[in-house]
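Here's a quick briefing for anyone opening this structure for the first time. Have a look at the sequence and the model, then read on.

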Amino acid sequence: MVGRDDAHGVQRRRRRARLRRLWAGGVARELARRSSELALWFFAFFVARHSVGHTVVQIPYDALGMELTSDYSQRVSLFSTKAGFQFLGYMLPPVCGVILIRWFPTDVVAVYAYTALILAIISVIVLIVLMAFVHERPDSYSGEGNNVPFVVAINRALSNGPYRMYLVIKFPL
């Protein structure tokens, strides 16, 4: 009887170990399946957010130059300046980090903190310069601009073939 209980106990322990392995494998597979689903939703959400957000910001940003001036040479100058500052905006944070990493080689938090401080100061200075030197078009002062209702303006914009092509190019895929 004692030998039978020991053999039965060993079988029971083996069966429990096998069930634990199966359960753990099933849980691991379920977690892997859920994490891949989560990664898919994460990817879809952030791609959609970036694409729609970029479209919502970039189209008015590109159209602003057309509203600021009607002179061709001023528009070229404006968009060239915009492209130059855009390039500087892309290059400034990494360059600032590379310079600051020489001063703080082991303190990553200080590098990020000083980079953020420098970029915040530059942003305030650029905003002040923008407010000081960009002016409204002269016809907006006189109030004799186009007083077109919103729906009519949208219909006119969407009936413009090149503008529709621009929207198709800029619209997120």
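In which helix does I121 lie? I121 lies in helix α3, and that helix is a good place to start the tour. Keep in mind that this is a predicted model.

**The overall layout**
- The protein chain has six helices and zero strands.
- Going along the sequence, you'll read the pattern α-α-α-α-α-α.
- Just 9% of the chain's 173 residues count as buried.

**The nonpolar patch**
- On the surface, L92, Y114, L117, I118, I121, I122, I125, V126, V129 and F133 form a nonpolar patch.
- Together these residues have about 870 Å² of accessible area.
- Helix α3, which covers residues 108–133, gives the most to this patch, with nine residues.
- I121, one of the patch residues, has a relative accessible area of 45%, and because buried means under 20% and exposed means over 50%, I121 falls in between as partly exposed.
- Y114 is another member of the patch, and it counts as partly exposed at 39% relative accessibility.

**The positive patch**
- There's a charged patch on the surface too: R12, R13, R14, R15 and R16 gather there, and the charge is positive.
- To find R12, look in helix α1, which runs over residues 2–68.
- R12 has a relative accessibility of 38%, so it counts as partly exposed.

**The aromatic pairs**
- Two aromatic pairs turn up in the structure.
- One of them is made by F45 and F46, and it's edge-to-face, with 5.0 Å from centre to centre and 80 degrees between the planes.
- F46 counts as partly exposed, at 32% relative accessibility.
- F104 and Y114 make a stacked pair, because their ring centres are 5.1 Å apart and their planes sit at 10 degrees.
- F104 is in the loop between α2 (72–103) and α3, while Y114 is in helix α3, so this pair ties together parts that are ten residues apart in sequence.
- F104 is partly exposed as well, with a relative accessible area of 26%.

**Two buried spots and their partners**
- G65 is found in helix α1, and with a relative accessibility of 3% it counts as buried.
- From G65 to F79 the C-alpha to C-alpha distance is 7.0 Å, and the two residues are 14 apart in sequence.
- L100 belongs to helix α2, and its relative accessible area of 4% makes it buried.
- L100 and V111 are eleven residues apart in sequence, with 5.7 Å between them in space, C-alpha to C-alpha.

**What to take away**
- Remember the chain as six helices with zero strands.
- On the surface, look for the nonpolar patch, to which helix α3 gives the most, and for the patch of positive charge where R12, R13, R14, R15 and R16 gather.
- For buried residues, G65 and L100 are two you can look up.

Notes
Residues are numbered from 1 along each chain as its sequence is written. This is a predicted model: local features need pLDDT of at least 70, side-chain atom pairs count only at pLDDT 80 or more; totals for chains, interfaces and linings use all residues. Side-chain values use heavy atoms; hydrogens and water are left out. Patches are made of residues with over 30% relative accessible area and no salt bridge: like charges are joined within 9 Å, nonpolar side chains (Val, Leu, Ile, Met, Phe, Trp, Tyr) within 5 Å. Accessible areas come from the Shrake-Rupley method with a 1.4 Å probe; for residues, only the protein chains shown count as cover. A salt bridge is a side-chain nitrogen of Lys or Arg within 4 Å of a carboxyl oxygen of Asp or Glu. Lys and Arg count as positive and Asp and Glu as negative; His and the chain ends are not counted. The place of a charge is taken as NZ of Lys, CZ of Arg, CG of Asp or CD of Glu. Helices (H or I, at least four residues) and strands (E, at least two) are DSSP runs, numbered from the N terminus. Buried means under 20% relative accessible area, exposed over 50%, partly exposed in between (1.4 Å probe, protein chains only). Rings of Phe, Tyr and Trp (its six-membered ring) pair if their centres lie within 6.5 Å; planes under 30 degrees apart count as stacked, over 60 as edge-to-face and the rest as tilted.
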